[in-house]
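Visitor: Could you take me through this structure and explain, for each name used, how the name is earned?

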Amino acid sequence: MRIQVDTHTHTYASGHAYSTIIENAFAASKLGLPMFCTTDHASSMPGAPHYWFFNNQRVLPRFIHNVAIVRGCEANICNDGEIDIPLSVDPHLDWVIASFHEPVFPSKDSLVHTQALIKVICSNRVDALGHLGNPNFDFDFEAVIACAAEYNVAIELNNTSLKGETRIGSIDRCYEIAKVAKRLGAYVTTGSDAHFCEDIGKFNKVEQLINDIDFPLDKVITHTPKQFLDFLALRGRAPIEEFKKLMV
Ligand SMILES: [Zn+2]
Ligand SMILES: [Zn+2]
């Protein structure tokens, strides 16, 4: 099994990442990765771009170095379960991740995090929940993942979290979250969370997790570009004309 889509990558625009989208696409093409989502941090993160950055992604080619580029954003969960992108941005995005980040949402208790995640899911504005294994943002795994399964919001398996170098304490929690997702029939997605081009599409830890717990591949939306595009359609997103050739 080889993951073919990376749904979580950053460029220089995030303010603490170091590659351009062209460098990211070149690295993906060298690796043989056919598709990735470019998901810079939304504007509440220190150093992140103004929301116009996301509106204007229409100027991006759909393919760079023959790699399909999905126009996305990693939104911050803020307040009691809002996201920090104005509603007017939504039509310009193909893919939205919502994540907790300490500089934007100081960690509270499990109940507060659970309620915020459920509110985010029910808003129907996000396609996936990012790096949920972070122990600073404990939550009720059963309640949130059941809700995500009901609303077809994907649970992200984050390769950076599984390396154990950041968000320390994530690894066991990521395994537990994935097991609950498997049992409840939730979709999962896979993100490298690359902040440098060399990490794009590198999924050794995620692939190991999927193998270890025998996660069903029909629920891994990044198993193939077609599965990913089918998931976007399931989410109610309009088809992307230029990607029709990937629907095989
Ligand atoms: Zn970041
Ligand atoms: Zn993040």
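Guide: Let us begin with a definition: helices (H or I, at least four residues) and strands (E, at least two) are DSSP runs, numbered from the N terminus. This is a predicted model, in which local features need pLDDT of at least 70 and side-chain atom pairs count only at pLDDT 80 or more, while totals for chains, interfaces and linings use all residues. Residues are numbered from 1 along each chain as its sequence is written, chains are lettered from A and ligands numbered from 1 in the order in which they are written, and side-chain values use heavy atoms, with hydrogens and water left out.

Visitor: What makes a space count as a cavity, and how many cavities of 30 Å³ or more are there?

Guide: On a 1 Å grid over the protein atoms alone, a cavity is a set of points where a 1.4 Å probe fits but cannot get out, whereas a pocket is an open set with protein on both sides within 12 Å along at least five of seven lines; lining residues have an atom within 4 Å of a point. Grid points are joined across faces, edges and corners, and a volume is the space filled by probe spheres set on the points. By this rule there are 2 cavities of 30 Å³ or more, the largest with a volume of about 50 Å³ and the second largest with about 40 Å³.

Visitor: Which residues line the second largest cavity, and which elements supply at least two of them?

Guide: The lining consists of Leu132, Gly133, Glu156, Leu157, Cys174 and Ile177, and strand E8 (154-158) and helix H6 (170-184) each supply at least two of its residues.

Visitor: Why is this lining divided into 4 nonpolar, 1 polar and 1 charged?

Guide: Ala, Val, Leu, Ile, Met, Phe, Trp, Tyr, Cys and Pro count as nonpolar, Asp, Glu, Lys and Arg as charged, and the others, Gly among them, as polar; therefore Gly133 is polar and Glu156 is charged.

Visitor: How do you know which residues coordinate the zinc ion (ligand 2)?

Guide: Donors are N, O and S atoms within 2.8 Å of the metal (3.2 Å for Na, K and Ca), and water is not among the atoms, so sites may look incomplete. Glu74 (OE), His101 (NE2) and His131 (NE2) coordinate this ion at 2.1 to 2.2 Å, so they meet the 2.8 Å limit. His101 lies in the loop between strand E6 (95-99) and helix H3 (110-123) and His131 in the loop between strand E7 (128-129) and helix H4 (141-151), so the pair ties together parts that are 30 residues apart in sequence.

Visitor: Are His101 and His131 buried or exposed?

Guide: Both are buried, a word that means under 20% relative accessible area, with exposed over 50% and partly exposed in between (1.4 Å probe, protein chains only).
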